[in-house]
Every structure is written in C-alpha cells, then in structure tokens.
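Subject: Structure handover

Hello,

Here is the structure for you to look through. Please open it first, then read the notes below.

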Amino acid sequence: MVKITKLKEEEAGIFRKLLLKIFIESFSYYPLRAQKFNKRYWSVGRLTQYSHKKIILLLLAREASLPVGLLIGKYYSSGKSSILWLGVLITHRGKGIGAKLVKHWEEWAKAKGVHTFRTSTADFQNEKFYSKLGFTKSPGFEMDDWGMKKMVFIKKEYHG
Ligand SMILES: CC(C)(COP(=O)(O)OP(=O)(O)OC[C@H]1O[C@@H](n2cnc3c(N)ncnc32)[C@H](O)[C@@H]1OP(=O)(O)O)[C@@H](O)C(=O)NCCC(=O)NCCS
C-alpha cells in the first residue's frame, strides 16, 4: 500500500537521498555536472526551507514505510503550476505510484486556483505516462540547462 504525504522537515535527508538515487538510476545519460548540480542544489537546508513554503509542494511516496517516489511542484501566481521533479524508484514502477503523485500535485494546485498544469521531460518513454494522465504534448521541444531536448506537456482546466 502506497502512502503519499507532504514532506516533513525532519524527512529532508531521506528525500534528498531518494532524489539523488532516482537521478543516478534514471538519468545516466545526463552529463556528470547535472548530477553534481542536483547534489549541490537539493541540499537538506534548501529542502527543509522549501518544506515550509506555500508555493512549493514536496511529496514523498512510501511503500511499507520505504521511500519509493517523490514529486516537487511549484505554484506560480499567474494560475500556473509546474512539476520540477518527479521520480519513482525503478523497482517500484508500473504500480500507479507516479500517477498518484501527479494527482496529489494537481489537487494541491487546483485548491490554489491553478488552471494550467505544466511538466517537461527528457525521457521520450514518458509520453504515454503523461498522455494517460490527460496531458497534451506541446509542439516542438525546449532545451534544459544541460542542453538536453525536453518534451513539454500541458493540461488546462477551466473552473467556471
Ligand atoms: C515517469 C515515472 C514517474 C512513472 O512512474 P510509475 O509509477 O512507473 O507510473 P504509473 O505506474 O503510475 O503509470 C501510470 C500509467 O502510465 C503508464 N506508463 C508509465 N510509464 C510508462 C512508460 N515508460 N511507457 C508506457 N507507459 C507508461 C503505465 O502503464 C500506467 O498506465 P495504466 O494506468 O494504463 O496502467 C517513472 O517511470 C520514473 O520515475 N521515471 C524516471 C524519472 C522521470 O523520467 N521522471 C519524469 C519527468 S522528469
């Protein structure tokens, strides 16, 4: 049984460890400096600070208390929200955990009046995942900080 909760301050170290593990497992084709950046940027201090911010959502998925997945979402005052990070351990994929994390983020964002949900990914295998969740692929690509080509997915929901 998977349990998804908002990150508590004291879980920042666990969250960081999981993020770095998923990055190494899933993004080995990224340049080493991307891994170094993640190590530096997603520090325990920053995550602890972010766990108190209303515009940032840090979600941790646990299965039988083992941390197996995470999501970092951001709210923009213009009614938009983005996923900054999403990942599930390879050993735990295909069990609905990624979809659950995305749904939790959408609920959190909807409660803030968000109408446009955005996410991007360098992994072409994720196209099916996002389209199953109701996202539409935008035409073209964007380049990330490491020069990797990313697909952009958008979901719009109008309230009233
Ligand atoms: C993308 C990711 C988060 C999906 O997590 P997951 O827990 O395996 O996904 P789910 O089990 O919730 O899948 C939901 C649906 O998408 C489908 N799906 C997921 N990954 C898929 C893939 N690679 N190819 C085809 N379909 C896929 C599932 O079959 C499922 O469909 P169903 O509802 O008909 O059964 C996971 O593969 C991952 O962590 N990848 C590496 C990191 C990454 O690329 N992050 C994303 C953007 S930065």
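A residue counts as buried if 20 or more other C-beta atoms lie within 10 Å of its own, and as exposed if 12 or fewer do. Keep in mind that this is a predicted model.

**Helix α1**

Start with α1, residues 12-26. Its buried residues are Ala12, Phe15, Arg16, Leu18, Leu19 and Ile22. They span an arc of only 165 degrees around the axis, so they sit on the same side of α1. Which exposed residues does the face turned away from that buried side carry? They are Gly13, Lys17 and Ile24.

What do the buried residues of α1 pack against? Their partners are α2, α3 (44-50), β2, β3 and β4. The length of the helix can be checked too. At 1.5 Å a residue, the 15 residues of α1 should span 21 Å. The end C-alpha atoms are 21 Å apart, which agrees.

**How α1 meets α2**

Two packed helices are described by the angle between their axes and by the distance between the axes. Helix α2 covers residues 32-41. It packs with α1 at an angle of about 170 degrees, and the axes are 10 Å apart. Angles over 145 degrees count as roughly antiparallel. The two helices, α1 and α2, are therefore roughly antiparallel to each other.

Look at the residues in this contact. From α1 come Leu19, Leu20, Phe23 and Ile24; from α2 come Gln35, Asn38 and Lys39. By type, the contact has 4 nonpolar residues, 2 polar and 1 charged.

**Helix α4**

Now go to α4, residues 97-110. Its 14 residues should span 20 Å at 1.5 Å a residue. The end C-alpha atoms are 20 Å apart, so the expected span agrees.

Ile97, Gly98, Leu101, Val102, Trp105 and Ala109 are the buried residues of α4. They cover an arc of only 140 degrees around the axis, which puts them on the same side of α4. They pack against five strands and a helix: β1 (2-6), β2 (56-63), β3 (66-76), β4 (80-88), β5 (116-121) and α5 (126-132).

**Two residues in strands**

Lysine 6 is in strand β1. Is lysine 6 buried or exposed? It is exposed, because 12 other C-beta atoms lie within 10 Å. Leaving aside neighbours within four places in sequence, lysine 6 is in contact with Leu58 and Leu59. Lysine 6 and glycine 98 are 92 residues apart in sequence, and their C-alpha atoms are 15 Å apart in space.

Proline 67 belongs to strand β3. It counts as partly exposed, because it has 18 C-beta neighbours inside 10 Å. Leaving aside neighbours within four places in sequence, its contacts are Ile14, Leu18, Leu60 and Arg62. Proline 67 and phenylalanine 15 are 52 residues apart along the chain, with 7.8 Å between their C-alpha atoms.

**The loop between β2 and β3**

Most residues other than glycine have a negative phi. Alanine 64 has a positive phi of about 45 degrees, although it is not a glycine. Serine 65 also has a positive phi, near 70 degrees. Alanine 64 lies in the loop between β2 and β3, and so does serine 65. Alanine 64 is exposed, because 8 other C-beta atoms lie within 10 Å. Serine 65 is exposed, with 6 such atoms within 10 Å.

Best wishes

Conventions: Residues are numbered from 1 along each chain as its sequence is written. This is a predicted model: local features need pLDDT of at least 70, side-chain atom pairs count only at pLDDT 80 or more; totals for chains, interfaces and linings use all residues. Axes are lines fitted to C-alpha atoms, for helices over the stretch in contact, and angles run from 0 to 180 degrees between N-to-C directions. Helices (H or I, at least four residues) and strands (E, at least two) are DSSP runs, numbered from the N terminus. Angles under 35 degrees count as roughly parallel, over 145 as roughly antiparallel, 65 to 115 as roughly perpendicular and the rest as oblique. Two residues are in contact if their C-beta atoms, placed from the backbone, lie within 7 Å. Ala, Val, Leu, Ile, Met, Phe, Trp, Tyr, Cys and Pro count as nonpolar, Asp, Glu, Lys and Arg as charged, and the others, Gly among them, as polar. The expected span of a helix is 1.5 Å times one less than its number of residues. The arc is that of the directions from the helix axis to the C-beta atoms.
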